[in-house]
Amino acid sequence: RPSAAGLLLPEIDELFIKRYPVIAGAGRTFVEGAVFDPAAFERVESSVFDNGSDYTRFRRAAAGA
């Protein structure tokens, strides 16, 4: 069953990814159900916090980049 991110991947222009140093189950793939069509994103901003978690913001790369 496709996820919303998988269905809307062509419309996504920014990604905000938060990671934590904890394993909490199997989870789902990031864009489940999407047709394999790599989309390039460039890191715009990132921060690392004292507890080991981090935050990174990516923006879709310009076409042909």
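A salt bridge here is a side-chain nitrogen of Lys or Arg within 4 Å of a carboxyl oxygen of Asp or Glu. The model is a predicted one, so local features need pLDDT of at least 70 and side-chain atom pairs count only at pLDDT 80 or more, while totals for chains, interfaces and linings use all residues. Residues are numbered from 1 along each chain as its sequence is written, and side-chain values use heavy atoms, with hydrogens and water left out.

First, the overall layout. The chain has one helix and three strands (DSSP runs numbered from the N terminus, with helices being H or I of at least four residues and strands E of at least two). Read from the N terminus, the order is α-β-β-β. Of the 65 residues, 15% count as buried; buried means under 20% relative accessible area, exposed over 50%, and partly exposed in between, with a 1.4 Å probe and protein chains only. The accessible surface of the chain adds up to about 5500 Å², and carbon and sulfur atoms hold 56% of that (areas come from the Shrake-Rupley method with a 1.4 Å probe, and for residues only the protein chains shown count as cover). As for contacts (heavy atoms within 4.5 Å), 60% of those between residues at least 6 apart in sequence join residues at least 24 apart.

Now to the charged pairs. Side chains of opposite charge can pair when their charged atoms come close. Four salt bridges are counted in this model. In one of them, Arg-57 pairs with Glu-14, and the closest N and O atoms sit 3.1 Å apart. Arg-57 belongs to strand E3 (residues 54–60) and Glu-14 to strand E1 (residues 14–19), so this bridge ties together parts that are 43 residues apart in sequence. Arg-57 counts as buried, at 17% relative accessibility, whereas Glu-14 is partly exposed at 23%.

Glu-14 has another partner in Arg-59, with 3.2 Å from N to O in that salt bridge. Here too a residue of strand E3, Arg-59, meets one of strand E1, Glu-14, so the pair links parts 45 residues apart in sequence. Arg-59 is partly exposed, with a relative accessible area of 37%.

Asp-54 and Arg-19 form a further salt bridge, at 2.7 Å from N to O. Asp-54 lies in strand E3 and Arg-19 in strand E1, so the parts tied together are 35 residues apart in sequence. The two ends of this bridge differ in cover: Asp-54 is buried at 14% relative accessibility, but Arg-19 is exposed at 51%. Shared partners also matter for the bookkeeping, as salt bridges join Glu-14, Glu-45, Arg-57 and Arg-59 into one network.

Back to Arg-57 and its surroundings. The side chains of Arg-57 and Glu-14 also make a polar contact of 3.1 Å (a pair of N or O atoms within 3.5 Å; within protein, one must be able to donate a hydrogen and the other to accept it, and residues adjacent in sequence count only if both atoms are side-chain atoms). Setting aside residues up to four places away in sequence, Arg-57 touches Glu-14, Leu-15, Phe-16, Glu-42, Arg-43, Val-44 and Glu-45.

Glu-42, one of those contacts, is found in strand E2 (residues 41–48). Glu-42 is partly exposed, at a relative accessible area of 44%. Beyond its neighbours within four places in sequence, Glu-42 is in contact with Arg-57, Phe-58, Arg-59 and Ala-61. The C-alpha atoms of Glu-42 and Arg-59 are separated by 5.4 Å, with their positions 17 residues apart along the chain.
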